[in-house]
Amino acid sequence: MKKYGMVIDTKLCVGCGACVVACKTENDVPEGLHRDWLVEEVTGKFPNLHMEIRSERCNHCSDTPCVSSCPTGASHIKKGSNIVKVDPNKCTGCQACVVSCPYNARFVMPEGYVSKCTFCDHRVEKGESPACASVCPTHAIVFGDLNNPMSRVSRLLRARKFKTIIPEAGTDPNVYYLI
Amino acid sequence: MKEITITTNKISNMVDGHFHAWGWEVPLYLFLGGLTAGILIITAVMAFRKRQDGFKLSAGKLSLWAPIILSLGMISLFLDIKHKLFVWRFYTAFEITSPMSWGSWVLLLIYPLSFLLILATIRESYPGLFSFVNKFLSALKLDVLFKKLTEFSEKNHKIIAGITIPFAITLGIYTGILLSAFGSRPFWNSSMLGPLFLVSGLSSAVAMVLILSNENEERSLFTKVDIALLLTEGIFILLFLIGLATSSAQYKAALTLITGGALTPSFWIFIVMFGLFIPLLLELLELNGRKINPKLAPALVIAGGLFLRFIIVEAGQMNSWLPY
């Protein structure tokens, strides 16, 4: 089975927002709603400040509270992968998954069903990268199979220091940030 | 310093200052669900009581309220869900890990049980309603079935009550587990919420008996029961707070919402003071023969139960692992 993951280099990300625009265009995300977003985190004390820019999205966690809390099976893991998706035809819009996500990565579409990042699985099926990764001008976003030791994501994680966002929430996220 | 800026928009739930997915509908549903559970537990337990004269409400009439209140709760839940035309999807799956799925199926079982409980005493409790339903159903040629069902319920009252009790307890606990199962919301993530909401639902149902009953013996018994329930609820709230206070940093941060944070006045004034302490005091005084408006304490208990759900649902959404 493929275990897809994303490795995002915070040393390369300039916060241009191309990933956000590409996602909205590719997935026709309505105005005011976003499947990915940019976070600027400044820490330290002047003049020793440190800024980190992160392109964030659903972490396609290995332990998925959004899937286990869904009462209808609408929130599910795509067969043969670890991509977390929502089936609009099964979703009641109860928002149990929205509330269960420690990353606040889910939202309700104007039609009433819940939506989120899909790692652009329609592109992945064709062997392409998700829209956000494919447009990143600094190649900060890398997508691939974490189970394949020769994939770029695996090699980056072996070569560089990395972190995940709030690992203490216990969901075993699959989006990694190189630091 | 640590400053976090979202340079592009995030999600619509976030524009209101803090994460906000559930509004008034969910806490109202949780309250009404708990109240239904309490009513069913009372009417079912009373079925086992040998002497039922002097307890006309709790042993009979009260049961009619269960499906009515539950339906109001279901309407509230329906108003909350956003993809309304797909509401039937709750009943095309049973997801063992989802408390909401358990709840939907338990609700489905609660309805027939509560109708059978009503039928078990309908001839005595609501003779007018009985003859009206009978007439109505005879027009549809269903009166024979109705009569048979009523006779069946009367004959098997105790068995029906015995089956109802565990399901009603499940319903009451479920209203708390629905929230406590969310590990992503530290304020909710306490197993105390299940028993707390069960006891609170029972206490609200007892308060309803105290408001509706005019019989001294019944009022006296249920006042004593309510005192025990309010004391238990107070202990459960204390244990809930201790749980948060002795957990990790994120849970301690969640606790600050009610120990100096935004929800401090509403929690301590509306839940602890007016929902627990004052009604407890009034009921104790009433038992000791003081003349106090008999409807005041139970009204406060019901309002306290409602506030408990509203404040806890709000607090859970105001605190999460990520500040954005």
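Begin by selecting strand E2 of chain A, residues 36-45, together with strand E1 of chain B: in this predicted model the two strands run antiparallel and are joined by 5 bridges. To see one place along this pairing, pick out Val39(A), and you will find that Ile6(B), a residue of E1(B), stands opposite.

Keep E2(A) selected and add strand E3 of chain A, residues 48-57, since the next stop stays within chain A. Here E2(A) and E3(A) pair in the antiparallel sense, this time over 10 bridges, and with 2 residues between them the two strands form a hairpin. Which residue of E3(A) stands opposite Leu38(A)? Select Ser55(A) and you have the partner of Leu38(A) in this pairing.

Now show both chains whole and turn to the region where they touch. On the chain B side, 42 residues are in contact, and they meet 43 residues of chain A. Two elements of chain B each supply at least two residues of the side that touches chain A, namely strand E1, residues 2-6, and helix H4, residues 99-125. Of the side of chain B that touches chain A, E1(B) provides the largest share, with 5 residues, and this is the strand you selected at the start, bridged to E2(A). If you colour this side of chain B by residue character, you can follow how its residues divide: 19 are nonpolar, 15 are polar and 8 are charged.

Methods:
Residues are numbered from 1 along each chain as its sequence is written. Chains are lettered from A and ligands numbered from 1 in the order in which they are written. This is a predicted model: local features need pLDDT of at least 70, side-chain atom pairs count only at pLDDT 80 or more; totals for chains, interfaces and linings use all residues. Two residues are in contact if their C-beta atoms, placed from the backbone, lie within 7 Å. Helices (H or I, at least four residues) and strands (E, at least two) are DSSP runs, numbered from the N terminus. Ala, Val, Leu, Ile, Met, Phe, Trp, Tyr, Cys and Pro count as nonpolar, Asp, Glu, Lys and Arg as charged, and the others, Gly among them, as polar. Two strands pair if DSSP finds at least two bridges between them.
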